Structures are given as structure tokens and as C-alpha cells.
Amino acid sequence: GNVLTPRQFAILQAVAEANGLSQTDIMAATGIDRSSTADLVRRLVSHGWLQRRRTKRDARLYAVRVTPEGRRVLSQASPAARATEETLLAPLALGDRATFLKALALIAAVA
């Protein structure tokens, strides 16, 4: 079966939260680099979880949307992903979590 990787989950979640994102928007939301984002979006489209449409504003840009099937996969994956996040963050005091996640986001953006 198709198992969501953490990066696929991140992209699916970003698109589900704001339908019609461009690949540039997805990169900004997830901190994943351009070539990986393009690759991951292609893979998610081939699974039938995302769809790409050219935008009316700019024919060169794609608007990426989540499909009903993509939402279903995401809703099944979410608890597992959240559980993983909880496990990772469990040792941190609540106040430190936000700081840690911000630092992590910065590291991911640079890496």
C-alpha cells in the first residue's frame, strides 16, 4: 500500500490547509527544497492524492489541490504523525516546544 512519508505528509497537510497553493507556496510552507517539492508533488499526484491545475492568473503556474482521496489518506495519517510529534516533543516543557519547533524550521530551511 501507499504509506505516507513525513515529507509527503507535510506537503499534503500544507495543501489541505490552503487549497490552490503553488509549488513555491508549498516550499515556503514546508521548508522542502524546490526539486524535492516538485518530485513529491508529482508522486502525490500519481497516487491520486493531489491534483495540479494551471492557474487562470498565470498559465505557467500550477495550483495544487488536495483530492477527496488525499484528504482521506491525510485524516488516517494525521493521528500517527501527531503521535510521532508528541513522542519527539514529550521531554520538552510546553513553553520550550514552540522555541524548539521554530529552531527546527530554521534548520530545515537552511539544510
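Start the tour by selecting α4: this helix supplies the largest share of the lining of the largest pocket, eight residues. Keep in mind as you go that the model is predicted.

**Stop 1: the largest pocket**

With α4 still highlighted, bring up the pocket itself, which has a volume of about 1,000 Å³. Now select P6, F9, A10, Q13 and E85; of the 29 lining residues, these are the closest to the pocket's centre. To see which elements build the wall, colour α1 (6–17), α2 (23–30), α4 (68–89) and α5 (94–110), each of which gives two or more residues to the lining. Then colour the lining by residue class: you should find 19 nonpolar, five polar and five charged residues.

**Stop 2: α1 against α2**

Hide the pocket and keep α1 and α2 on screen. How are these two helices set against each other? α1 and α2 pack at an angle of about 115 degrees, and their axes are 10 Å apart. That angle makes α1 roughly perpendicular to α2. Look along the pair and you will see α1 pass α2 in a right-handed crossing. Next, show side chains: on the α1 side pick A10, I11, A14 and V15, which meet I26, A29 and T30 of α2. By class, this contact has six nonpolar residues, one polar and no charged ones.

**Stop 3: α1 against α3**

Swap α2 for helix α3, residues 34–46. The axes of α1 and α3 come within 10 Å and cross at roughly 80 degrees, so these two helices are roughly perpendicular to each other. For the contact, select R7, Q8 and I11 in α1, then S36, T37, L40, V41, R43 and L44 in α3. Coloured by class, the residues of this contact divide into four nonpolar, three polar and two charged.

**Stop 4: α2 against α3**

Bring α2 back and hide α1. Here the axes of α2 and α3 come within 10 Å and cross at roughly 110 degrees; α2 and α3 are therefore roughly perpendicular to each other. The crossing of α2 past α3 is right-handed. Which residues make the contact? From α2, select Q23, T24, I26 and M27, and from α3, select R34, T37, A38 and V41. The classes here are four nonpolar, three polar and one charged.

**Last view**

Finally, show α1, α2 and α3 together and pick out I11, which meets residues of α2 and also takes part in the contact with α3. Add I26 of α2, a residue in the contact with α1 and in the contact with α3.

Key:
Residues numbered from 1 in each chain as written. Predicted model: local features only at pLDDT ≥ 70, side-chain atom pairs only at ≥ 80, totals over all residues. Heavy atoms only, no water. 1 Å grid on protein atoms, 1.4 Å probe; cavity = no way out; pocket = protein on both sides within 12 Å on 5 of 7 lines; lining within 4 Å. Points joined across faces, edges and corners; volume = space filled by probe spheres on them. Helix = DSSP H or I, 4+ residues; strand = E, 2+ residues; numbered from the N terminus. Nonpolar A, V, L, I, M, F, W, Y, C, P; charged D, E, K, R; others polar. Axes fitted to C-alpha atoms, helices over the stretch in contact; angles between N-to-C directions. Parallel < 35°, antiparallel > 145°, perpendicular 65-115°, else oblique. Left-handed = near helix turned anticlockwise from the far one by under 90°. Contact = heavy atoms within 4.5 Å.
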